[in-house]
Structure formats: structure tokens, C-alpha cells
Amino acid sequence: MINGIPLVLVVLGLVEWSKRLGLSGKALQLLSMLVGIVLGVLYQYSVFPLVTFAEWFGAVVYGLALGLIASGVYDAVRSAVTRG
């Protein structure tokens, strides 16, 4: 969370905004992953400077998890809406 806002919601919001700009399909999933990685690494860096390989690796894994969660939530919501 940054200033009370969960990062996963920021990723989802940016993906939805990109969808309205014309992105679709796998491009949205890729964007979700990339945004998750970038925001995850930036967040980890804001907590403490990343110096060692282990710190950078941990930050990238955090970003990957963020992107995976966001793309999974996005797909789940999309499936629920299309079924309903």
C-alpha cells in the first residue's frame, strides 16, 4: 500500500485505462505484468535503496507477484462479467 492505496488497484486501474485507449487481449496481460514489475520495484526501492543482487531480485519477484495478482484479478472479473 502506498498512502493507503493498494498497488494492485493501481495496476488494475492502469490496465483498464489502457483498455479504454484501445489495447486488448494479451497486450493487456503483458501490460499488467510490466506495470506490476515496475511499480513493485519502485515501491521496494522507495522503502530502502536496492544495492545487492538479493535486494534487486526480491524487488523483481515482488513486482512479478503484483503483476500476476493484478492480471489474475483482471481475468477473474472479466470472466464473471461475461458470464453474468
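## Where to start

In which helix is Ser32 found? In this predicted model, Ser32 belongs to helix H2, which covers residues 26-47. Let's look at the whole chain and then come back to this serine.

## The overall fold

The protein chain holds 3 helices and 0 strands, and reading along the sequence gives the pattern α-α-α. Its C-alpha trace spans about 45 × 25 × 20 Å along the principal axes.

Among contacts with a separation of 6 or more, 59% join residues that lie 24 or more positions apart.

## Surface and burial

The chain has 84 residues, and 26% of them count as buried. Its accessible surface comes to about 5600 Å², with 72% of that area belonging to carbon and sulfur atoms.

## Ser32 in helix H2

Back to our serine: is Ser32 buried or exposed? Its relative accessible area is 2%, so Ser32 is buried, given that the cut-off for buried is under 20%.

Leaving aside residues up to four places away in sequence, Ser32 touches Val11 and Val15, along with Gly67, Ala70 and Ser71. Of these partners, Gly67, Ala70 and Ser71 fall within the range of helix H3, residues 53-83.

## Val73 in helix H3

Helix H3 (residues 53-83) is also the place of Val73. Val73 counts as partly exposed because its relative accessibility is 34%, which lies between the 20% and 50% limits.

How far apart in space are Val73 and Gly63? From C-alpha to C-alpha they are 15 Å apart, with their positions 10 residues apart in sequence numbering.

How values were computed:
Residues are numbered from 1 along each chain as its sequence is written. This is a predicted model: local features need pLDDT of at least 70, side-chain atom pairs count only at pLDDT 80 or more; totals for chains, interfaces and linings use all residues. Side-chain values use heavy atoms; hydrogens and water are left out. Helices (H or I, at least four residues) and strands (E, at least two) are DSSP runs, numbered from the N terminus. Buried means under 20% relative accessible area, exposed over 50%, partly exposed in between (1.4 Å probe, protein chains only). Contact means heavy atoms within 4.5 Å. Accessible areas come from the Shrake-Rupley method with a 1.4 Å probe; for residues, only the protein chains shown count as cover.
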